[in-house]
Amino acid sequence: MKKILITGGNGFLGSYFKKNLKENHIIQTIGKSNINDHKINLLDNKKVNFFFKKNKFDYILHCAAHVPGKGNILNKRHYEENHKMTENISKYCNSKIIFFS
């Protein structure tokens, strides 16, 4: 069984993958809410670094993204935060990353 980490595991894409992959793989999720297996702010590079030193995965399904609320528009801050999350994950993990966000 492959060990897979899903970022944004409670979002639309992440919850779909979690539900459909759990029978044949070891699935863990990471995000800011308590619903995730690992509660970590992916913008905090020190915490992300520490997390990946302690945890190893075969694959990371990167589905996490900061998006505006309904009726709002995507602004520069959203782009910057999404870039920083992806940068932190790719910098510190030692896994294959599949990027969806």
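Let's start with a histidine: His78 is buried, with a relative accessible area of just 5%. That puts His78 under the 20% cut-off, so the residue counts as buried. His78 sits in helix H3. Setting aside residues up to four places away in sequence, His78 touches His66, Val67, Pro68 and Ile73. Keep in mind throughout that this is a predicted model.

**The pocket**

His66, one of the residues touched by His78, also turns up in the largest pocket. There, Gly8, Gly31, Ala64, Ala65 and His66 lie nearest the centre, out of 21 lining residues. Two elements give two or more residues to that lining: helix H1 (12-21) and strand E2 (25-31). Helix H1 has the largest share, with 3 residues. How much space does the largest pocket hold? About 310 Å³. As for chemistry, the lining divides into 10 nonpolar residues, 10 polar ones and 1 charged.

**Ser15 on helix H1**

While we're on helix H1, have a look at Ser15, which is found there. Is Ser15 buried, exposed or partly exposed? At a relative accessible area of 30%, Ser15 falls between the 20% and 50% cut-offs, so the answer is partly exposed. Leaving out residues up to four places away in sequence, Ser15 touches Gly8, Gly9 and Asn10. Gly8 is also one of the residues nearest the centre of the largest pocket. Ser15 and Cys63 are 48 residues apart along the chain, yet their C-alpha atoms are separated by 9.5 Å.

**The nonpolar cores**

Now for the greasy parts. In soluble globular proteins, nonpolar side chains tend to be buried together. Here the largest nonpolar core has 13 residues, and the ones that touch the most other members are Leu5, Ile30, Leu42, Phe51, Phe52, Ile60 and Ile89. Helix H2 (45-54) and helix H3 (76-92) are the elements that give two or more residues to this core. The largest share, 3 residues, comes from H2.

Ile30 is a handy residue to click on. Which residues does Ile30 contact, leaving aside its neighbours within four places in sequence? The list runs Leu5, Ile6, Thr7, Gly8, Gly9, Asn36, His38, Ile40, Leu42 and Phe51. Among these contacts, Leu5, Leu42 and Phe51 also appear with Ile30 in the group that touches the most other core members. Apart from that core lies another one, of 6 residues, among them Ile4, Ile6, Phe17 and Cys63.

**Aromatic rings**

How many aromatic pairs does the structure hold? There are 4. A pair of aromatic rings is described by the distance of the centres and the angle of the planes. Two of the pairs share Phe51:

| Pair | Geometry | Centre to centre | Angle between planes |
|---|---|---|---|
| Phe51 and Phe52 | edge-to-face | 5.1 Å | 75 degrees |
| Phe51 and Phe57 | stacked | 6.0 Å | 25 degrees |

The Phe51 and Phe52 planes are over 60 degrees apart, so this pair counts as edge-to-face. With Phe51 and Phe57 the angle is under 30 degrees, which is why that pair counts as stacked. Phe51 counts as buried at 6% relative accessibility, and Phe52 does too, at 4%. Phe57 is likewise buried, as is its partner Phe51.

Elsewhere, ring pairs link Tyr16, Phe17 and Phe100 into a cluster. Phe17 is also a member of the 6-residue core.

Note on methods:
Residues are numbered from 1 along each chain as its sequence is written. This is a predicted model: local features need pLDDT of at least 70, side-chain atom pairs count only at pLDDT 80 or more; totals for chains, interfaces and linings use all residues. Side-chain values use heavy atoms; hydrogens and water are left out. On a 1 Å grid over the protein atoms alone, a cavity is a set of points where a 1.4 Å probe fits but cannot get out, and a pocket is an open set with protein on both sides within 12 Å along at least five of seven lines; lining residues have an atom within 4 Å of a point. Grid points are joined across faces, edges and corners, and a volume is the space filled by probe spheres set on the points. Helices (H or I, at least four residues) and strands (E, at least two) are DSSP runs, numbered from the N terminus. Ala, Val, Leu, Ile, Met, Phe, Trp, Tyr, Cys and Pro count as nonpolar, Asp, Glu, Lys and Arg as charged, and the others, Gly among them, as polar. A nonpolar core is a set of buried Ala, Val, Leu, Ile, Met, Phe, Trp, Tyr and Cys residues joined through side-chain atoms within 4.5 Å. Buried means under 20% relative accessible area, exposed over 50%, partly exposed in between (1.4 Å probe, protein chains only). Contact means heavy atoms within 4.5 Å. Rings of Phe, Tyr and Trp (its six-membered ring) pair if their centres lie within 6.5 Å; planes under 30 degrees apart count as stacked, over 60 as edge-to-face and the rest as tilted.
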